[in-house]
Amino acid sequence: MADKYKIAVIEGDGIGPEIIGEALKVLDKVSGLYGFSMQTVMLDAGGVSIDKNGVPLTDETLAACRNSDAVLLGAVGGPKWDGLDPSIRPEKALLGLRSGLGLYANLRPAKLFDELAHASPIKDIKDVDILFVRELTGGIYFGDNGEYDSDEVLPDGTVKGHVAYDTECYSEGEILRILKIAFEAAKGRRQKVTLVDKANVLASSRLWRKLFGQVAKDYPDIATECLYVDNCSMQLISRPSEFDVIVTSNMFGDILSDEAGMITGSVGMLPSASLGTPGTPGLFEPIHGSAPDIAGTGKANPCAAILSVAMMLRYSLGQPLAADAIERAVADVISSGFRTSDLYREGSGEIFVNLSEITLAILKTLG
Ligand code: IPM
Ligand code: MG
C-alpha cells in the first residue's frame with residue numbers, strides 16, 4: 001500500500017491562507033506523481049485563533065500537530081493583534097509550536113537564484129548558498145525573564161526604577177545536538193561550518209565555542225571557522241558566497257537569517273524547516289511574514305511556501321525525489337521568466353504573474 005501521510009495545515013493570518021492553498025496544490029500534484037497520499041487536517045493558530053478561541057495556540061491544535069507526520073504553516077500575525085498583551089500575541093503560537101513539538105533545529109537555506117541576483121542590494125552577487133542552522137528552543141527566547149522595581153542608584157545618580165530582563169542560557173546537551181545537525185548537513189554540501197557567537201563577551205558563547213571545537217574533531221573533512229556575530233553580519237555582505245553552513249543560537253540566527261534573506265533578494269523565495277528528534281513531526285513554513293497589506297490581492301509570492309513543501313517532503317516524509325522535483329520546477333519557472341509582484345521589473349521582458357498563475361506554471365513543469 002502507498003504511504004499515507006497525515007499533514008497538519010495551519011494557514012494562519014494575512015497571506016497565509018492563499019500561499020498555503022497554492023502549496024497544497026503542488027503537494028497534491030507530487031503525491032500523484034510519486035505515489036503517496038495524504039490526509040490534511042486544517043488547524044487554526046495565530047491571530048485567527050485569538051479571534052476564535054482567545055489564545056494564539058490551543059492545546060487541541062498542539063495535540064493535533066503532535067499527532068501528525070508534519071506541520072505546514074503559512075504565517076501568523078498582523079496589525080489587528082499588535083496591541084495585545086505579549087502573552088497572547090500571534091507570535092506566541094510559533095513559540096508554543098516550537099517548544100511544544102521540541103523543534104530545536106531550524107534550517108533556513110538562503111539560496112540565491114541566479115536570475116534574481118538583480119533583486120539583491122549587493123552588486124555583482126553570485127553563488128550564494130547558505131544553510132542557517134539556528135537553535136530554536138533555547139537561549140534568550142526561552143530563558144528566565146522577569147520584571148521588578150529597583151531603588152538602586154547608578155554611579156551617575158540615575159535611579160534604576162523599573163527593570164526588565166531576559167537570560168541567555170544554554171546547556172551542553174542543547175548545544176551539542178544542534179552542532180551535530182550542522183556538521184551532518186555540511187557533509188552533504190560544501191563541507192564547511194561557521195560558528196557564530198559572541199564568545200568575546202558571553203559565557204554561553206564560550207561554551208558553544210568549546211563544544212564546537214570538540215564536535216569538529218569528529219568531522220575531520222569539514223572545514224570550520226568561528227566568527228563573532230557583529231563581524232559575521234559584515235562578512236555576510238562582503239563575502240556571502242564563501243559561507244556554507246552557519247550554526248548559531250536562537251537570537252543570532254533570527255537576526256542573521258533575516259539579513260541573509262535580504263542578501264538573496266526576496267524573502268518570497270525562502271522556505272524553512274524546524275525539526276526535532278527523528279520521528280517527531282517537523283514544522284515547515286516560509287520565512288516571510290503574513291504581509292497583511294497584500295492579503296487577498298493575488299500579489300503574494302507562493303514560492304517560499306511551495307519550497308517549504310519540498311523541505312517537508314525531504315525532512316519529514318522521506319520523499320526526497322518529490323522534494324527535488326519541486327525545487328527543480330520552481331527554479332525552471334524562475335529561469336523561464338515568471339515573476340510575482342515582489343520580483344517583477346517593468347520593461348524587463350519578464351512575465352508578470354499572480355500567485356495562482358505562478359503555481360500553475362510550477363504544476364505544468366512538474367508534468
Ligand atoms: C522568525 C520570527 C520569529 C522569531 C518571531 C515571529 C517570534 O522572527 O521565525 O524568525 O523571532 O523566531
Ligand atoms: Mg525572524
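This section describes the surroundings of ligand 1 in a predicted model.

Ligand 1 occupies the largest pocket. Its shell is made up of Glu91, Leu94, Arg98, Arg108, Arg134, Tyr141 and Asp254. Five of these residues are charged and two are nonpolar. No residue of the polar class contributes to the shell.

The shell draws on two domains. Domain 1 spans residues 1–113 + 276–367, and domain 2 spans residues 121–263. Ligand 1 lies between the two domains because both supply residues to its shell. Among the structural elements, helix α4 provides the largest share of the shell. This helix covers residues 91–101 and contributes three residues.

Three side chains place polar atoms at short listed distances from ligand oxygen atoms. In Arg98, a side-chain N or O atom is 2.7 Å from an oxygen atom of ligand 1. For Arg108, the distance from a polar side-chain atom to a ligand 1 oxygen atom is 2.7 Å. For Tyr141, the corresponding distance to an oxygen atom of ligand 1 is 2.5 Å. Taken alone, ligand 1 exposes 320 Å². The protein buries 73% of that area.

Key. Residues numbered from 1 in each chain as written. Chains lettered and ligands numbered in written order. Predicted model: local features only at pLDDT ≥ 70, side-chain atom pairs only at ≥ 80, totals over all residues. Heavy atoms only, no water. Near = heavy atom within 4 Å. Polar contact = N/O pair within 3.5 Å; in protein donor to acceptor, adjacent residues only side chain to side chain. Areas by Shrake-Rupley, 256 points an atom, 1.4 Å probe, with all protein chains shown as cover. 1 Å grid on protein atoms, 1.4 Å probe; cavity = no way out; pocket = protein on both sides within 12 Å on 5 of 7 lines; lining within 4 Å. Sits in = over half its atoms within 2 Å of the grid points. Helix = DSSP H or I, 4+ residues; strand = E, 2+ residues; numbered from the N terminus. Nonpolar A, V, L, I, M, F, W, Y, C, P; charged D, E, K, R; others polar. Domains from an automatic or database assignment.
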